[in-house]
Amino acid sequence: MSEEKQAAPLFDAADGRTLAEVALRSITDSTARARGDDFLRILVRDLARALDVTYVIAGRVITLDDGDEGIRTLAVWADQDYLPNMEYSLRHTPCQDVTEQCMCFHASGIQADYPQDTLLVDMKAESYIGMPMVDTEGRTMGILSAIDTKPISEDKRLLALSLLSIFTARGSAELQHQDREQLLEAKVQRRTEALLAAQATLVEQEKMVALGALVAGVAHEVNTPIGVAVTAASTMVSYAEDMLKCVNGERVSRSELQTTAQRLREGAQLIERNLARAADLIGNFKQLAVDQGSEHVTEVALREHALSVVSAHGPELRKVGISVEVDIAADLRTRLDSGRWSQVLSNLLMNAAKHAYPSGGPGKVTLSARRVLEGGVYWLLVEFCDDGVGLTPEVRERLFEPFFTTKRGQGGSGLGMHIVYTIVHQMGGQVAVASTAPADGCRIKLRLPVRDAKA
């Protein structure tokens, strides 16, 4: 690193004042562009060289696991290199005096003054000078201390006091800056988590709204065949009564019996057809309403599945005059989460219904799928195309962004296509908008990894 290219000790200056000025200028230049821990590492090294001492320590005041106050070193210079950072208790140490916002100076005999401080013994310390790093509210944040294995002279004491008083202020500013950054990061993290939680809630609400609209459409669609069946059943009751009268009469006409029986059979067939239609609609709805929150991977016949989704959305699609062509081979099958795949197709269909034809239909949507081999891996390529008004460059760029909608204030939440993007990526695939002119409508391409039916 460039910091290792600093000059040797500066004790060749003519007098104390010149020495202090040279040392201050040198350390200021070397630390000018450094921030945070880098600043402290350069500072302890250059202070040690300027003061010609063995150790310089910069540390932060902390609370240890046992509840005592301690120091966590942020940078330690020892003779010719950095030492690993460490934690130690303030109890019975000169650093404890420093944290009480006292300048602590011991020209010699530091081990005798603090006999219980074993760290001083390990360091073979003879002299000590330390000053506190105090924040703008008057709280001690840390310490900056110089320790030597020989006594500190009076001239060196004055130089040390000058330099330490200047750089403890700069060090405390760096520590406060670190604290502010940590607080800001924590605040951003909390807000990000809250935003993600709110977004997840809105996505679930969007799914429920879509499901509610689907329920309403299916209910309306089911009412028609059931209504026809009910009407046919009541008519069959009348025909049955006519048959009873005919049978119970004195004379039974063969032609009347045949006519009434034919009417009963036609009524039964009408009921059967309409109840079968209602059953199909309910079955399609049941498939589409699979729990989106659970992983339920099954083998899916893609054409049959797509047709059932289209059928379930029939009322809404017919309302805006959209017809759907499903161009998928009948034998194309793969294993996937059918519930989430239904949600993808559902959102694509509803996006076309809401946005592709602002002036109304008729319109045509084409859904195609094929299996291809790329790079030794099988992929399912799906295209969803409509012949509507298409996408502007801005809309194409932001289509999958959460909360982006061109229907702001008209009931659009901006989550439909974001849900498509999220689900497809959760399934290991990709989704993109094909570049087309607006007059060519909208074309969306999806790629999904093909799972073996036996997997």
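## Exercises on rings, cysteines and strands

The charged end of Arg41 is placed over the ring of Tyr82, at 3.8 Å from its centre. Keep in mind that this is a predicted model. Let's work through some exercises.

**Exercise 1.** Find how Trp77 and Tyr82 are arranged as an aromatic pair.

*Solution.*
- Step 1: The ring centres of Trp77 and Tyr82 are 4.9 Å apart, and a pair needs centres within 6.5 Å.
- Step 2: The angle between the planes is 85 degrees. Planes over 60 degrees apart count as edge-to-face, and Trp77 and Tyr82 are indeed edge-to-face.
- Step 3: Now check the surroundings. Trp77 has 2% relative accessibility and counts as buried; Tyr82, with a relative accessible area of 14%, is buried too.

**Exercise 2.** Classify the pair formed by Phe400 and Tyr421, and work out which parts of the chain the pair ties together.

*Solution.*
- Step 1: The centres of the Phe400 and Tyr421 rings lie 5.7 Å apart.
- Step 2: Their planes are at 35 degrees, so this pair is tilted.
- Step 3: Phe400 belongs to the loop between α11 (393–398) and α12 (416–426), while Tyr421 is in helix α12, so the pair links parts 21 residues apart in sequence.
- Step 4: Phe400 is buried at 15% relative accessibility, whereas Tyr421 is partly exposed at 32%.

**Exercise 3.** Explain why Cys95 and Cys104 are not joined by a disulfide.

*Solution.*
- Step 1: A disulfide is a covalent bond that links the sulfur atoms of two cysteines.
- Step 2: The cysteine sulfur closest to that of Cys95 is in Cys104, 8.0 Å away. The cut-off for a disulfide is 2.5 Å, so the sulfurs of Cys95 and Cys104 are too far apart for a bond.
- Step 3: Both residues are buried: Cys95 has a relative accessible area of 6% and Cys104 has 5%.
- Step 4: A search of the whole structure agrees, with zero disulfides found.

**Exercise 4.** Trace the strand partners of β12 and follow Trp379 through them.

*Solution.*
- Step 1: Start with β11 (residues 363–374), which pairs with β12 (residues 377–386) in the antiparallel sense over 10 bridges.
- Step 2: These strands form a hairpin with two residues between them, and Gly375 in the turn has a positive phi of about 60 degrees.
- Step 3: Trp379 in β12 is the bridge partner of Val372.
- Step 4: β12 also runs antiparallel to β14 (residues 442–449), joined by eight bridges. There, Trp379 has Pro449 as its bridge partner.

Terms used. Residues are numbered from 1 along each chain as its sequence is written. This is a predicted model: local features need pLDDT of at least 70, side-chain atom pairs count only at pLDDT 80 or more; totals for chains, interfaces and linings use all residues. Side-chain values use heavy atoms; hydrogens and water are left out. Rings of Phe, Tyr and Trp (its six-membered ring) pair if their centres lie within 6.5 Å; planes under 30 degrees apart count as stacked, over 60 as edge-to-face and the rest as tilted. Buried means under 20% relative accessible area, exposed over 50%, partly exposed in between (1.4 Å probe, protein chains only). Helices (H or I, at least four residues) and strands (E, at least two) are DSSP runs, numbered from the N terminus. A charge sits over a ring if NZ of Lys or CZ of Arg is within 6 Å of the ring centre and within 35 degrees of the ring normal. Two strands pair if DSSP finds at least two bridges between them.
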